[in-house]
Amino acid sequence: MASNSFGSLFRITTWGESHGPAIGVVIDGCPAGLPLSEEDIQPMLDRRAPGVSSLTTPRKEQDKVQILSGVFEGVTTGAPISLIIWNKDGKSGSYNPVRHLLKPGHANFTYLAKYGVFDHRGSGRASGRETACRVAAGAVALKILTLCSVRIIAYVKRIGEIELSHVVEQDPELLKAQVTASPVSCPDPETSGSMVSLIETVRNEKDSVGGVIECRAFGLPAGLGDPIYEKIEATLAKGVLSIPAAKAVEFGAGFSSCRMRGSEHNDPFVKDSSGKIVTETNMAGGTLGGITTGMPLVFSAGFKPTSSIEKAQRTVDTSGEEKEFTLPEGSRHDPCIVLRAVPVIEAMTALCLVDALLLNRTSTVSLLSSKSSVH
Ligand SMILES: Cc1cc2nc3c(=O)[nH]c(=O)nc-3n(C[C@H](O)[C@H](O)[C@H](O)COP(=O)(O)O)c2cc1C
């Protein structure tokens with residue numbers, strides 16, 4: 001299974017299964033000299049952890065991160081950073097009744113088709129639990145981005161048929177405060193209330209619901225990203241679509257740009273009050289030619305409804321015999337995984353952007369020739 005790494009210079013490799021002893025991530029390529037401790041990582045992990053809201057799964061995992069390597073006397077050394085999170089709440093035996101059943105909407109059919117073996121205990125590598133590792137690595141990437149004055153904020157834009165219709169706050173601090181105040185990470189209180197009701201209804205119906213997360217990155221310089229195969233949208237789309245249950249991604253005006261005229265969609269260039277060249281609108285979502293324009297990067301990601309639902313579902317077993325799939329006794333799941341995917345989106349965005357920042361150092365001779373501090 002040669003697909004557990006992501007990134008070029010800031011490269012992560014995640015490992016571990018949902019119901020194994022631990023999960024973790026190795027970060028290779030983090031620059032030396034970054035002050036780093038578990039306290040920089042834990043708050044972001046806490047936002048993704050199960051059991052933190054009445055609307056998410058009650059499965060209680062503490063998701064406490066431990067730094068095993070790559071940090072000496074509080075700063076990164078440039079060596080690989082290894083992060084570990086011990087699994088605590090998994091009851092593997094309860095999955096035995098579904099061991100030979102194909103779970104509708106989940107990965108066991110395709111993993112079996114490909115590898116001939118599947119870790120049925122919480123779906124092994126295909127579990128959403130893997131995303132804790134990305135979030136831990138993303139927190140390190142975010143720390144670097146904060147030093148570069150880049151701010152990433154994701155929020156819930158749609159749950160089922162309930163969509164945020166308000167213009168989103170442009171000030172990052174205000175937007176962050178609105179998102180944090182909402183139980184569903186949606187910046188508008190009224191829309192949040194409707195989303196909460198819908199998720200509760202869906203849960204009572206023993207069902208699940210999908211949704212859309214929008215993400216904005218503020219403070220990016222113009223010129224980040226590379227053309228052709230490394231267009232910034234292309235790497236971000238890969239990162240976002242690698243998140244389990246992510247099914248769609250749109251940049252800027254996205255699919256609605258397909259219904260527009262050029263005169264509506266083209267963002268006019270203007271000089272702002274500080275003399276900087278900006279665009280008056282941001283239909284492009286902050287990129288042109290695969291390179292950032294310096295306007296906020298804006299994209300949204302669509303998530304399908306959680307495949308774990310309490311309703312019985314039709315399926316077959318591995319020999320093709322018709323069966324009914326019901327969730328294992330005591331198993332926990334989210335009626336709407338979109339809520340827990342918000343920090344995962346921020347993490348994948350941070351991983352892509354920090355990589356782009358590092359790669360950017362190779363784009364011109366002037367950036368390469370700055371003097372080394374080593375004598
Ligand atoms: C944070 C997070 C938590 C998830 N939790 C669950 C879950 O409890 N039950 C479930 O069926 N799927 C869950 N998923 C989604 C599955 O892992 C995913 O649907 C599965 O691996 C199949 O992959 P695909 O949907 O990308 O095709 C979760 C995803 C994320 C991002």
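Trainee: H1 passes H3 in a right-handed crossing. What makes a crossing right-handed?

Mentor: Look from the near helix to the far one. A near helix turned clockwise from the far one by less than a right angle is right-handed; anticlockwise is left-handed. H1 over H3 is the right-handed case. This is a predicted model, where local features need pLDDT of at least 70, side-chain atom pairs count only at 80 or more, and totals for chains, interfaces and linings use all residues. Residues are numbered from 1 along each chain as its sequence is written, and side-chain values use heavy atoms, without hydrogens or water.

Trainee: Why are H1 and H3 called oblique?

Mentor: Their axes cross at roughly 140 degrees and come within 9 Å. Angles run from 0 to 180 degrees between N-to-C directions, on lines fitted to C-alpha atoms over the stretch in contact. Under 35 is roughly parallel, over 145 roughly antiparallel, 65 to 115 roughly perpendicular, and the rest oblique. H1 and H3 are therefore oblique.

Trainee: Which residues make the contact of H1 with H3?

Mentor: Contact means heavy atoms within 4.5 Å. H1 gives Asp40, Ile41, Met44, Leu45 and Arg48. From H3, the list includes Thr131, Val135 and Lys143. The tally is 9 nonpolar, 1 polar and 3 charged. Nonpolar means Ala, Val, Leu, Ile, Met, Phe, Trp, Tyr, Cys and Pro; charged means Asp, Glu, Lys and Arg; the others, Gly among them, are polar.

Trainee: How many charged residues are in the contact of H6 with H8?

Mentor: There are no charged residues, with 8 nonpolar and 3 polar. Ile232, Thr235, Leu236, Gly239 and Val240 of H6 meet H8 residues including Met348 and Cys352. The crossing of H6 and H8 is right-handed too.

Trainee: How do you know that lysine 304 makes a polar contact with the ligand?

Mentor: A polar contact is a pair of N or O atoms within 3.5 Å; within protein, one must be able to donate a hydrogen and the other to accept it, and sequence neighbours count only if both atoms are side-chain atoms. A side-chain N or O atom of lysine 304 is 2.7 Å from a ligand oxygen. For serine 307 the distance is 2.8 Å. Lysine 103 has a polar side-chain atom 3.4 Å from a ligand oxygen.

Trainee: Which residues come nearest the ligand?

Mentor: Of 16 around it, Ala126, Ala245, Lys304, Ser307 and Ser308 come nearest. A residue is near if one of its heavy atoms lies within 4 Å.

Trainee: How far apart are valine 212 and lysine 157?

Mentor: They are 55 residues apart in sequence, yet 5.4 Å apart in space, C-alpha to C-alpha. Valine 212 touches lysine 157. Valine 212 lies in strand S10.

Notes:
Helix = DSSP H or I, 4+ residues; strand = E, 2+ residues; numbered from the N terminus. Lists of a residue's contacts leave out its neighbours within four places in sequence.
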